Amino acid sequence: FMLRSLILNISKIIVAFAIISVGVMGYLWLENTKETVFVEKVEESSFFVDTKIIEIKNYNPTNVSFGSIFSSRQANLTFPIVGEVAEISEKFKSGEFVKQGTILAQLDNFNQIINLNDLKVQIALNKSQSDEIKSEIEMDKLHLKELENQLNIRKKQKTRIISMLKSKATTDSALDDVQLAVSNAKSNILSRKQNISRLNYKLEQLNLSEKRLNISIKKVKKSIEDGTLKASFDGSLSNVNIALGENVSNLKVVANLSDLNFLEVAFNVPSQIFSNFQDIIGKEVLVYWEQGTKEVSKLKGYISRRDAYVDPQSGGGKVFASLPKPDQNFSKIPPGAFVKVNYPIGNLLNVAKLPEEALYEGDTIFIIDEARAIRKTVQIIHKEPGFVYLKGNISNGQEVVISRLAGIGEGIKLESK
């Protein structure tokens, strides 16, 4: 039994060894009969791109905004009083140019004219009464002078009678008579003086009454004047809304008058420009009035001031530019027109100007150095349609990629077209 077991184990070992030998011999045969594979080196390809040579210098770029034309001298025309429209001028129409003082419309002033004439009659009556009192005062003064002369005579008589009475040349009755005459003379003088004083007071009252009447006349004349609507300055009319027979009040605006010598354009600028307003004040702007893509008219203006408040949404603010005075009675761009404004943003020192296609990922450009792409991080100073102004670790004469290339990265082989 042990011999059988030994033979069985030896046979298993021989079989395993035979299998391994066959495997080794198969591997050696395959290894000796395999084909030789030759690896060829593939040449690296280049990408052709558009490039631009960097030029660092100072620039004075412009930006574009939109705004409206308006007159800084604009009046809302109203009648200061209530009344019925009686007359309307042929020139009182929207779009008409009127000179200062031109009568535009007239309210019915019949009642004011009647009141004015009545006040003038009262003034004349007052003057007549005043003249009468003045004449009476003059006569009383003459009478007073005569009464004073008579008093002096009576006093002299009294002195003589007293002297005669001492020498028994007259009687006490004569003295009584002369004393009575002196007393009557004094009484007449006092009465005349009182009358003169009374007449002076009455004359003063008439003078005060005349002043009051004159004030009333001024009020009526002002009311008549207020019933006449005139152009307060040279300008262009708009939004005219008035009709004959219409009852108007000071609450109704019947028209707008714009002074074309004070036309301005208001437009919004970003916060960076708004905060550095001193860099652009007095600078020239170009104002374009367009219909679709077609230019209707163009004007030059000059930046004059900025708004006092910041726009809370954009962080920027409103800037105003003055436009030239028109040569004729109309402006090439009328008030109310929506316009495009091309304005300067100030001086940009030591920056490079590149097409916006050169910018990758917002702050990256690629330059070509020894036919390889080199990544450069830059700082954007300003953007305008189609171009960017930037600073960074760049130099004059460097060649920058301005093509859009998918998959561009550090070290890629590039060639300029």
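What share of the 417 residues of the protein chain counts as buried? Here is a quick tour that starts with that one.

1. **Burial.** The answer is 32% of the 417 residues. Keep in mind throughout that this is a predicted model.

2. **Overall shape.** The chain is stretched out along one direction: along its principal axes the C-alpha trace spans about 220 × 65 × 55 Å. The radius of gyration says something similar, at 56 Å, where a compact globule of 417 residues would come in near 22 Å.

3. **Building blocks.** If you count up the secondary structure, you get 4 helices and 23 strands. Contacts often link distant parts of the sequence: among those with a separation of 6 or more, 77% join residues 24 or more positions apart.

4. **Surface and charge.** The accessible surface adds up to about 27,400 Å², and carbon and sulfur atoms hold 53% of that. As for charge, there are 54 positive and 48 negative side chains, with 11 Å between the centres of the two sets.

5. **The largest nonpolar core.** This one has 29 residues, and the members touching the most others are I69, V265, F267, V285, V287, V339 and Y343. Several elements give two or more residues to this core, including β13 (263–269), α4 (271–275), β14 (284–291) and β17 (338–344). The largest share, 4 residues, is from β13.

6. **A closer look at I69.** Setting aside neighbours within four places in sequence, I69 is in contact with residues that include L263, E264, V265 and V287. Its list of partners also has L323, I333, P334, P335, G336, A337 and V339. Apart from the core around I69 there is another core, of 19 residues, with L77, F79, I81 and A255 among them.

7. **V24, in helix α1.** Helix α1 covers residues 2–33 and is where you will find V24. Is V24 buried or partly exposed? V24 counts as partly exposed because its relative accessibility is 45%, and buried would need under 20%. For a sense of distance, take V24 and E138: they are 114 residues apart in sequence, and their C-alpha atoms are 167 Å apart in space.

8. **E204, in helix α3.** E204 belongs to helix α3, which runs over residues 172–226. With 45% relative accessibility, E204 counts as partly exposed; to be called exposed, a residue has to be over 50%. How far is the C-alpha atom of E204 from that of S130? The two C-alpha atoms are separated by 9.0 Å, with E204 and S130 sitting 74 residues apart along the chain.

Definitions and conventions: Residues numbered from 1 in each chain as written. Predicted model: local features only at pLDDT ≥ 70, side-chain atom pairs only at ≥ 80, totals over all residues. Heavy atoms only, no water. Rg over C-alpha atoms; globule rule 2.2 N^0.38 Å. Buried < 20%, exposed > 50% of the residue type's maximum accessible area, 1.4 Å probe, protein only. Contact = heavy atoms within 4.5 Å. Areas by Shrake-Rupley, 256 points an atom, 1.4 Å probe, with all protein chains shown as cover. Lys, Arg positive; Asp, Glu negative; His and termini not counted. Charge placed at Lys NZ, Arg CZ, Asp CG, Glu CD. Core = buried A, V, L, I, M, F, W, Y, C linked by side-chain atoms within 4.5 Å.
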